[in-house]
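Subject: Handing over a structure

Hello,

Please find below the structure that I promised to pass on to you. I would be glad if you could look at it first and then read the notes underneath.

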Amino acid sequence: MPSATPSRRRRRLVVGLGAAGAAGAVTALVAILVPSASAGTLFNDDFESGAGNWSKSGGTWSVVSDGSKVYKQAKTDSELARVFAGETSWTNYSVEAKVKGLDLSKGLAGVAARASGSSTMYRLALTSAGKAELQSVKGSTITSLGSAAVNNPATWHTLKVDVAGTTVTGYVDGVKVASGAGSLAGTGRIGLVTSYASAEFDDVSVAALGAGSTSSATASPTATATKTATATPTATATKTATASPTATATKTATASPTATATATPTATSSSAAWPKATSEKPVTATIPVSGTLDGGNARYFGSGALGGDGQDEGQDPLFKLADGAVLKNVILGAPAADGIHCSGSCTLINVWWENVGEDAATFKGGTSATYTIDGGGAKGADDKVFQHNGGGTLTIKNFQVEDFGKLYRSCGNCSTQHKRAVVVQNVVATAPAGSLVGINANYGDTARISGVTVVGKKSLDICVKFTGNNSGKEPTKIGTGPDGVNCIYNASDITFK
């Protein structure tokens with residue numbers, strides 16, 4: 001295991017030797033089985049202190065006892081239950097965990113890497129077919145990168161995923177089962193996942209890898225035998241010496257919700273690095289904002305009624321901003337429910353959406369409302385990032401967006417329609433991407449666009465014109481490109497890289 005500390009299962013084998021040889025055996029086994037701690041260790045969690053390092057998206061998760069503390073997902077009818085940990089900036093690494101399928105009769109359970117959204121990730125999963133399958137997952141599109149048969153998935157197995165450059169490799173019990181080239185985002189968090197299954201997870205560890213490198217395959221140290229050999233964890237001194245996972249250091253370093261480095265309201269540039277979360281804040285009911293809320297780069301994510309599997313427009317938002325409110329230095333994790341709603345004029349400064357799902361923010365003010373998005377970024381929008389349902393003008397500047405359908409859409413079929421305006425300035429849009437903005441020409445909408453950089457795509461519909469309606473029907477697309485009336489920009493305003 002790429003861990004700075006021995007697994008609890010291995011420590012218990014030492015306890016079984018008896019007091020006479022325990023001290024020497026501990027020294028010998030640790031020297032053989034466990035590499036010394038190094039800067040390459042990013043994360044460890046054995047759930048003995050709970051599951052505070054993880055954010056939930058779907059399913060019913062709890063820490064239970066199974067010889068030791070483990071993390072259990074019990075809801076077998078959950079289409080996609082997952083928990084996430086780590087940082088969105090992690091790129092080349094190895095993630096490993098012990099996985100025990102409790103009910104895999106209709107689904108799968110496994111470990112995820114480079115999760116850039118709640119439904120975008122690489123995962124290695126034990127399946128109902130009696131296999132371990134390495135998969136690339138993007139929404140409902142699942143691509144198999146390879147698989148191998150696994151004996152008795154209902155017992156403990158050690159699953160590991162290496163991501164290095166574009167290469168993804170999966171291991172079960174130390175044996176390589178599949179490898180392939182991936183095309184998903186090159187960074188992302190780790191995750192534990194189930195789909196229509198229940199399972200237990202334990203001993204999660206993450207180690208850094210160099211670009212293009214993978215872990216060495218080793219002889220299979222069957223996790224089942226190790227787990228079975230653990231009867232009585234009586235070596236409390238050893239437990240105490242190793243009870244603090246590396247994850248705790250990360251958690252301690254980021255515990256303050258008012259980090260000085262992120263407290264400034266000054267917006268970031270469109271090329272700024274994604275911030276690291278300073279703390280985790282589950283949201284069970286919409287947070288009302290009047291005046292100014294500075295989140296200090298805390299990660300807010302839906303839980304309870306706001307933490308379901310789906311992300312659709314019928315959900316409540318995590319934040320609801322009153323007229324004139326300001327929200328700044330906030331990270332919206334997964335799930336983000338329906339993001340942010342602005343009831344009137346509002347300002348969003350350095351707000352980051354790690355996985356948009358349906359809409360990042362919806363603007364509902366009157367005809368004279370002004371909305372400003374300054375700094376921040378968004379990833380993983382199945383359709384729109386920003387939905388403009390009310391009237392007024394929305395300005396999006398110094399922003400970055402990646403893996404999205406549309407950055408902005410003026411509502412094409414709202415029951416009450418308005419003349420709307422959008423201003424897009426200094427935005428970096430990274431493929432995959434559908435289009436930049438969509439407006440309704442028949443209602444007099446305008447889009448003024450400048451300083452846009454498109455990355456990873458040789459062409460993109462920058463401004464799409466529709467004929468909107470107020471009947472709820474799908475609007476009709478009538479054209480694209482600058483016209484000086486509705487779509488106002490020049491070719492020099494767009495750079496393709």
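The notes below go from the whole protein to its sheet and then to its cores.

This is a predicted model, in which local features need pLDDT of at least 70 and side-chain atom pairs count only at pLDDT 80 or more, while totals for chains, interfaces and linings use all residues. Residues are numbered from 1 along each chain as its sequence is written, and side-chain values use heavy atoms, with hydrogens and water left out.

The protein has five helices and 32 strands, where helices (H or I, at least four residues) and strands (E, at least two) are DSSP runs numbered from the N terminus. Of its 497 residues, 56% count as buried, meaning under 20% relative accessible area with a 1.4 Å probe and protein chains only.

Seven strands form an open, antiparallel sheet in the order S2-S5-S14-S7-S8-S9-S10, and two strands pair if DSSP finds at least two bridges between them. Strands S2 (55-57) and S10 (141-149) stand at the edges with a single partner strand each, so one side of each is left without a neighbour in the sheet. Eight bridges join S9 (residues 131-138) to S10, and Ala-132 stands opposite Ala-148 in S10.

The largest nonpolar core (buried Ala, Val, Leu, Ile, Met, Phe, Trp, Tyr and Cys residues joined through side-chain atoms within 4.5 Å) has 57 residues, and Leu-407 and Trp-353 are among those touching the most other members. Strand S27 (residues 420-440) gives the most to this core, with eight residues.

Best wishes

Key:
Buried means under 20% relative accessible area, exposed over 50%, partly exposed in between (1.4 Å probe, protein chains only).
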